[in-house]
Amino acid sequence: MADEVVLLDLYVSMFGMRVRVALAEKGVKYEYKEEDLRNKSQLLLQMNPVHKKIPVLIHNGKPVCESLIIVQYIDEIWKDRAPLLPSDPYQRAQARFWADFIDKKLYDIGKKIYTTKGEEQEAGKKEFIEVLRVLEGELGDKPYFMGERFGFLDIALITFYSWFHAYETLGNFSIEAECPTLISWAKRCMQKESVSRSLADPKKVYEFLVEAYGL
Amino acid sequence: MADEVVLLDYWLSPFGMRLRIALALKGIKYEHKEEDLTNKSPLLLQSNPVHKKIPVLIHNGKPVCESVVALQYIDEVWNDTAPLLPSDPYLKSQARFWADFVDKKIYGYGKALWTAKGEELEAVQKDHLDCIKLLEGELGDKPFFGGETIGLLDVTLLPFASWFSVYEKFGNLSLEAACPKFIAWLKRCFLIQSVSESLPAAEKLYDYVVQMKKKLGTE
């Protein structure tokens with residue numbers, strides 16, 4: 001019996017993109033459903049009653065919520081190809097730690113860049129670059145975060161790359177100037193079809209923010 | 001070669017308590033190092049340079065930080081006894097989802113319950129109760145969140161739940177009437193030695209709150 005996979009998502013969401021990348025890495029066919037977050041579908045409210053957020057992966061009728069949890073689920077179900085998490089428990093713990101770090105910091109700090117002005121915005125930009133620098137440190141001179149192979153932690157972070165153009169334009173600064181190693185890594189990831197096809201067009205992200213926040 | 005396991009901890013930390021329970025459940029011998037959070041040790045700062053927080057599990061010299069990450073690490077390394085996560089990927093994802101829910105929703109309430117007053121306090125209490133009811137729904141008729149035995153979600157939630165008797169003493173929250181299933185689960189967990197030995201006695205928590213309220217002037 002064929003798998004039925006549905007993804008409730010928002011085109012510009014860096015969290016939804018993580019799931020798209022994971023599904024693409026595994027070559028899984030799925031039905032994509034775009035949500036209007038100002039008018040959430042019955043299906044979304046039913047499948048994620050606790051948080052009412054996207055992304056939600058619905059696999060044979062059963063929902064999985066929270067992007068990093070979904071990516072791990074995808075890795076465990078379609079375990080015969082393109083492993084996303086390392087097999088060593090310590091390496092796995094490191095990958096989860098850093099993915100958690102990204103989730104704790106990047107989105108909220110990044111938000112300051114387009115929702116504040118003046119000194120507050122400058123502080124936000126500084127904080128944002130600091131977080132990226134810590135991640136650059138963790139990357140070191142490896143091609144991908146966990147070594148030779150693209151995986152879980154790369155997926156957790158690369159989707160934010162589609163938001164960099166918006167951050168740079170709205171914050172009037174250059175991320176590449178501050179974090180060249182990270183941008184090289186990002187461009188390396190973008191050479192993978194699973195990534196380039198799953199990430200939103202940076203211009204569309206920018207337009208979305210301008211409209212959503214009246215900028 | 002024997003495993004060397006060290007836990008950098010703080011007696012009051014619910015996150016540290018999670019690891020104590022897991023290590024006890026699995027029968028893992030470890031060295032417990034109590035940190036003074038006002039004067040963090042070089043070992044802590046070295047082992048967790050990013051957050052500088054406890055708990056940190058150090059296994060054969062290598063640190064693992066963030067309690068839910070460390071719980072999964074413990075479960076994967078010592079996988080021959082007391083499994084915390086089920087083998088089914090869907091059930092695993094559900095356990096992880098609810099553990100994440102506990103971290104997002106339950107921790108914040110604890111703090112607010114001590115410092116909020118009047119209408120704000122009522123709102124916090126209601127939110128807290130709503131979260132407990134959601135968790136009760138997840139528990140269903142199972143003895144534990146993990147099924148027949150304690151699992152990841154039980155371990156994640158227990159340290160916060162152990163505060164409930166203290167809340168009730170201060171008249172802040174009455175769960176017995178509102179969430180009998182939850183209280184039954186809590187009592188069932190406390191019958192397990194690994195749990196009761198890993199959590200501070202209710203009297204110690206109570207005394208701590210009395211001290212803290214004096215300091216904050218909110219008795």
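Colleague: Which residue forms a salt bridge with Arg20(A), and how far apart are the closest N and O atoms?

Modeller: Side chains of opposite charge can pair when their charged atoms come close. A salt bridge here is a side-chain nitrogen of Lys or Arg within 4 Å of a carboxyl oxygen of Asp or Glu. In this structure Arg20(A) pairs with Asp9(A), the closest N and O atoms being 2.7 Å apart. That pair links distant parts of the chain, with Arg20(A) in helix 1 (residues 14–26) of chain A and Asp9(A) in strand 1 (residues 5–9) of chain A, 11 residues apart. Helices (H or I, at least four residues) and strands (E, at least two) are DSSP runs, numbered from the N terminus.

A word on ground rules: this is a predicted model, where local features need pLDDT of at least 70, side-chain atom pairs count only at pLDDT 80 or more, and totals for chains, interfaces and linings use all residues. Residues are numbered from 1 along each chain as its sequence is written, chains are lettered from A and ligands numbered from 1 in the order in which they are written, and side-chain values use heavy atoms, with hydrogens and water left out.

Colleague: Is Arg20(A) buried or exposed?

Modeller: Buried means under 20% relative accessible area, exposed over 50%, and partly exposed in between (1.4 Å probe, protein chains only). Arg20(A) counts as buried at 6%, and Asp9(A) is buried too, at 0%.

Colleague: How many salt bridges does the structure hold over all chains?

Modeller: There are 26 over all chains. One of them joins Asp100(A) to Lys104(A), with N and O 2.8 Å apart at their closest. Both sit in helix 4 (residues 89–115) of chain A, four residues apart, about one turn of the helix. Lys104(A) is partly exposed, at 42%.

Colleague: And in chain B, what does Arg18(B) meet in a salt bridge?

Modeller: Its partner is Asp103(B), at 2.7 Å from N to O. Arg18(B) lies in helix 1 (residues 14–25) of chain B and Asp103(B) in helix 4 (residues 89–115) of chain B, so the pair ties together parts 85 residues apart in sequence. Arg18(B) is buried, at 0%, while Asp103(B) is partly exposed, at 30%.

Colleague: Which residues are joined into one network by salt bridges that share partners?

Modeller: Asp36(A), Arg38(A) and Glu211(A).
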